[in-house]
Amino acid sequence: MPSVAGVDVPNWCVAGAAGAAAMLTPAAVYAYLLRTSRQRKEFFADIPQPKEESVIFGGVGTLVKMTKPDKALPTIKQTYEELGDTWGVRLPKWLLRNHEFYLHTRDPAIIAEILSKKDVFHSRASGMVFDNTIPLGLLALRSEGPHSQWAFHRRLVAPLFSDKFLLGYSEQVHEKADLLRFVLNERIKDTKSPEAQCDLQQCLKLITLDIIGSIGFGFNSNALMTYLPEGHPRALSKAEAANELKFLEASMVLFLETQQRTGEPKLLRYLPHRFMRWWRTMRDLNKRIDEVLSSGKQEGSKLNMLKALQDAHEGDRKMSKAEVTDEILSLLIAGHETTGYTTSWALYEVARHPEVQEKILAETSAVDLDTLPLTNVQSLLPYTWMVWQEALRLHPTVTIHYRQAEVDTTLGGKYKLPAGSIVTISQLMLAHSEEIWGPDVMNFSPERMEKGYPELHLPFGFGGRTCIGKRLAYVEGVYLLAFLVKNFRLRVGEEAPIPTPWITVTHSAKEGIHLMMSKRSEL
């Protein structure tokens with residue numbers, strides 16, 4: 001009997017250990033990965049795919065390009081041109097066992113089939129995106145029937161967007177719009193000329209942050225004050241500005257971590273600089289949430305979503321504090337930058353089309369925007385509503401929608417997808433499709449929205465998971481668009497940078513939206 005480290009070991013143990021060691025040599029591992037990867041590649045051979053740089057790593061390189069903010073749009077458009085309306089990216093099963101394949105489509109027939117297979121494609125992908133940051137919010141919870149946690153949350157959150165609440169939010173939106181008017185007027189005065197160049201993407205990001213801070217979290221956020229010209233008598237000190245921007249930084253950290261944690265090893269989120277940034281962000285947000293939840297009533301007469309969610313119930317059932325926290329953070333992520341970006345794109349198009357600007361001005365001349373209830377925005381501003389819709393089509397804030405195959409399935413009679421595969425519907429490609437919108441698809445034409453929009457216009461998602469805050473996004477965005485056009489003339493300056501699409505979780509302009517603004521005469 002052989003001896004190892006002074007201990008007698010049976011022959012069969014030595015033989016087994018030698019065999020295991022042989023199996024774990026680099027060459028053996030490589031051979032195994034190569035063989036299984038070739039088998040999986042063959043399984044997906046009927047689906048058009050970009051050329052893989054490595055059989056073992058599949059289409060990881062393509063996926064990386066598609067996630068780079070400045071490369072995403074050209075990469076996706078070029079791939080559709082080369083491969084057609086439906087194509088896929090195979091990922092290494094040994095690395096991403098549950099999400100081995102991504103099927104991308106802009107094919108109306110395939111999309112219609114996805115929409116019809118509600119039992120197969122009913123939820124967003126598990127273990128991705130918001131699962132990693134706000135797992136108990138509607139953006140992450142999986143829709144698994146009327147008795148699921150997701151369905152319960154949706155029933156409790158839905159009233160936040162009812163007429164009662166929109167009326168309650170109106171005064172707070174008016175206050176923030178008035179502050180925006182003041183800040184922009186002060187920037188114009190500071191130039192000592194009739195007009196000034198302003199980054200309206202930044203302005204809209206700040207005002208929508210202030211609005212969600214007020215109606216969502218119940219505190220008086222004034223991040224807009226940080227946009228006052230330097231040296232202004234009411235300009236904030238560095239400490240005051242840092243405090244006002246703390247909420248903005250928190251939302252940015254949420255977005256960044258949501259994006260970074262998708263597809264990366266969990267260990268990376270615990271790197272000291274990232275972990276401490278995340279810990280500080282959640283500490284500050286939870287502190288504010290605790291302050292509101294521990295108070296006995298709404299602040300004054302103003303409604304806020306956080307307190308309303310705490311009080312919401314269905315019989316004896318209520319959300320836990322953790323659930324309420326993740327829901328309000330979901331509303332922060334979904335209802336802040338998205339509305340701001342769409343409205344800034346709308347202002348850019350309005351500045352490029354003076355005739356559209358004049359029509360909005362004519363429409364708003366008969367409306368007192370300083371007191372307009374949000375519930376009346378659509379009925380009293382129908383043309384401005386179409387302008388905002390058209391901007392959302394041409395510059396969709398969310399460019400793709402994800403669904404996960406719950407079981408093995410086949411699409412189009414030929415695209416075989418194993419359970420766990422991710423299907424991505426390209427809202428961007430649908431919005432720019434001549435087949436759906438006609439040959440003038442890339443023209444900005446608000447009138448195309450006069451008779452409604454096609455079934456495959458999906459800017460807020462589709463099915464049961466359609467964005468629950470869609471109505472608030474519309475009325476807030478349309479109101480701010482009308483308010484700014486009524487108060488300021490807009491034009492694109494000769495030296496202003498041309499906006500470059502920057503696609504992360506949302507679609508913004510890399511350089512911002514810089515427009516020349518001048519104060520209108522009193523109407």
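Where is tyrosine 453 found? In this predicted model, tyrosine 453 sits in the loop between α19 (434-437) and α20. Let's start our walk there and then move on through the structure.

Is this tyrosine buried, partly exposed or exposed? Buried means a relative accessible area under 20% and exposed means over 50%. Tyrosine 453 has a value of 32%, so it counts as partly exposed. If we leave aside neighbours within four places in sequence, tyrosine 453 is in contact with Gln389, Trp437, Lys470 and Tyr474. You can also compare tyrosine 453 with isoleucine 215: the two are 238 residues apart in sequence, and their C-alpha atoms are 30 Å apart in space.

Now follow the chain into helix α20, which covers residues 470-487 and includes asparagine 487. The relative accessible area of asparagine 487 is 17%, so this residue is buried. What does its side chain reach? The side chain of asparagine 487 comes to 2.7 Å from the backbone oxygen of phenylalanine 483. Not counting residues up to four places away in sequence, asparagine 487 also touches Arg181, Ser518, Lys519 and Arg520.

Our next stop is a strand. Strand β3 spans residues 86-90 and is mostly covered, with 5 of its 5 residues buried. Try looking at which way the residues point. Thr86, Gly88 and Arg90 point one way from β3, while Trp87 and Val89 point the other way, and all of them are buried.

Which way does β3 pair with β4, parallel or antiparallel? The pairing of β3 with strand β4 (residues 101-105) is antiparallel and runs over 5 bridges. To see one such partnership, find tryptophan 87: its bridge partner in β4 is histidine 104.

Strand β3 also leads us to our last stop, a cavity. How many cavities of 30 Å³ or more are there? The count comes to 1, and the largest cavity holds about 40 Å³ of space. Its lining is made up of Gln49, Pro50, Lys51, Glu52, Gly58, Gly59, Thr62, Gly88, Val89 and Arg90. The element that gives the most to this lining is β3, with 3 residues. Sorted by class, the lining of the largest cavity has 2 nonpolar, 5 polar and 3 charged residues.

Some of these names may look familiar. Gly88, Val89 and Arg90 line the largest cavity, and on β3 Gly88 and Arg90 point one way while Val89 points the other.

Terms used: Residues numbered from 1 in each chain as written. Predicted model: local features only at pLDDT ≥ 70, side-chain atom pairs only at ≥ 80, totals over all residues. Heavy atoms only, no water. Buried < 20%, exposed > 50% of the residue type's maximum accessible area, 1.4 Å probe, protein only. Helix = DSSP H or I, 4+ residues; strand = E, 2+ residues; numbered from the N terminus. Pairing = 2+ DSSP bridges. Polar contact = N/O pair within 3.5 Å; in protein donor to acceptor, adjacent residues only side chain to side chain. Contact = heavy atoms within 4.5 Å. 1 Å grid on protein atoms, 1.4 Å probe; cavity = no way out; pocket = protein on both sides within 12 Å on 5 of 7 lines; lining within 4 Å. Points joined across faces, edges and corners; volume = space filled by probe spheres on them. Nonpolar A, V, L, I, M, F, W, Y, C, P; charged D, E, K, R; others polar.
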